[in-house]
Amino acid sequence: MVDEVFERLLRTRGIFKNREVLRSDFIPEKLPHREKEIRKLAEILAPILKGIRGSNILIYGKPGTGKTACIKKVIKKLQAKCEELHLNNTLCYVNCRISGTAYRTLSSIATSVEVEVPFTGIATGEVYNRILRGLRKMDGMLVITLDEIDTLAKNANGDKVLYELTRINENIGVGKVTLVGISNDLTFKEYLDPRVLSSLSEEEVLFRPYNAEELTDILKERAKEAFYKNALEEGVIEYCAALAAREHGDARRALELLRVAGEIAERKGDNVVTLESVDMALKTIEEDRYFESIRTLPLHSRLLLLCIFQKTQNNKRTTTGEVYQLYTTLCGELGLDPLTHRRASTLINELEVSGIILCKIVSQGRYGRTRRISLNIPKKILIRALKADPHLEGMLPEN
DNA sequence: CCTCCACTGGAAACCTAGGCTC
DNA sequence: GAGCCTAGGTTTCCAGTGGAGG
């Protein structure tokens with residue numbers, strides 16, 4: 001049987017010529033419909049080739065509008081040019097969401113100016129001082145790109161760190177550092193410290209969502225590289241583009257859709273990606289997203305979700321109080337210390353934010369105010385994901 | 001109109017696990 | 001080893017709050 005699988009794979013030419021091209025972190029040679037933006041970014045940053053600091057830039061736009069790809073592309077070209085001219089400029093890219101905290105963001109910057117910092121243990125201020133020291137020693141210019149800067153600005157120390165970064169040139173006494181901030185959140189400017197905002201947005205570049213035609217162009221461009229000739233049924237690209245355009249023109253989603261559709265077709269042993277495989281891809285992607293987000297939830301969140309599931313069987317809706325009561329008994333049975341009501345409330349809130357459950361705060365007059373909770377995803381997926389933990393398996397129905 | 005329920009959600013303190021410097 | 005620092009999760013405390021029932 002296994003041999004047969006191998007044989008089939010080897011016999012068919014397959015669908016993908018190079019599937020890496022469809023990954024979201026792949027930076028293609030051509031970025032259709034973003035020529036203007038790339039040009040503008042290049043113009044702003046170009047002065048560093050002459051040893052002059054470029055303006056700080058604030059880039060914003062919805063997810064999947066090409067912000068990261070464009071800046072990375074410009075950085076790459078700039079880096080190449082610097083090497084060609086033997087310039088000692090440093091271009092540093094940090095994703096604030098992935099680094100997670102203000103401290104780790106700073107420590108990434110420190111690394112790029114060749115300063116060693118421990119991954120924990122010293123004050124953020126100290127990391128900043130070490131960066132300053134590193135910068136004074138360095139003779140070239142530094143461009144710091146802070147991707148998903150909104151996540152940094154939102155956390156407590158983040159805005160302080162951001163403020164210090166915008167004043168970094170004053171602190172070292174020379175204009176050496178250019179900051180590029182990238183935000184997915186369009187309202188991000190509102191909660192930013194006005195001093196930071198004015199410094200950061202010396203230049204602003206707005207990325208509009210792609211429409212269906214633009215997405216089609218992007219997909220076509222990549223599909224040329226990614227798939228063999230005639231591997232796509234007529235209309236597949238347009239269909240992917242239309243589906244993604246419906247969801248605020250997210251190119252990342254469109255590419256993912258196309259890739260997964262290809263993988264589905266490949267696994268079936270087909271030589272062609274059909275419209276039907278796109279439909280299946282859409283479903284798979286959504287299910288996988290929920291499955292993963294549940295499976296990786298901390299234990300107590302999963303327990304609460306399990307309680308919500310049990311309380312909402314037969315289409316009933318439940319309340320925080322009911323869920324918490326069941327949760328404490330469940331913890332007793334499992335020999336766990338239950339979290340407090342307050343904490344559980346926050347965790348339930350988080351479950352809502354991730355889209356797994358739906359909550360509505362209702363007032364029942366004499367009977368108090370509470371959340372009315374219902375499930376927001378198919379039971380099947382929920383059960384499958386919770387069963388991934390052997391401890392919970394016994395508490396769930398067969399299917 | 002007033003009360004009062006069953007919470008919500010902000011704020012701050014506390015705890016743990018890591019690590020630095022002296 | 002003492003005395004600091006950090007992040008991140010959790011607890012403690014408490015001031016709200018919308019509206020059914022009196």
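**Figure 1. Salt bridges across the predicted model.** The structure holds 16 salt bridges. The model is a predicted one. The close-ups below show some of these contacts, pair by pair.

**Figure 2. The salt bridge between R23 and E20****.** The closest N and O atoms of R23 and E20 are 3.6 Å apart. Both partners are classed by their accessibility. R23 has a relative accessible area of 30%, so it is partly exposed. E20 reaches 43% and is also partly exposed.

**Figure 3. R34 meets E37 in a salt bridge****.** The N to O distance is 4.0 Å. Is R34 buried or exposed? R34 is buried, at 4% relative accessibility. Its partner E37 is buried as well, with a relative accessible area of 14%. Buried means under 20% relative accessible area, so R34 at 4% and E37 at 14% both qualify.

**Figure 4. A salt bridge within helix α14, between R295 and E292****.** The two side chains meet at 3.1 Å, N to O. Where do R295 and E292 lie? Both sit in helix α14, which covers residues 275–295. They are three residues apart, about one turn of the helix. R295 is partly exposed, at 38% relative accessible area. E292 is partly exposed too, at 35%.

**Figure 5. A network of salt bridges****.** Which residues does this network link? R19, R259, E263 and E266 are joined here through salt bridges.

How values were computed:
Residues numbered from 1 in each chain as written. Chains lettered and ligands numbered in written order. Predicted model: local features only at pLDDT ≥ 70, side-chain atom pairs only at ≥ 80, totals over all residues. Heavy atoms only, no water. Buried < 20%, exposed > 50% of the residue type's maximum accessible area, 1.4 Å probe, protein only. Helix = DSSP H or I, 4+ residues; strand = E, 2+ residues; numbered from the N terminus.
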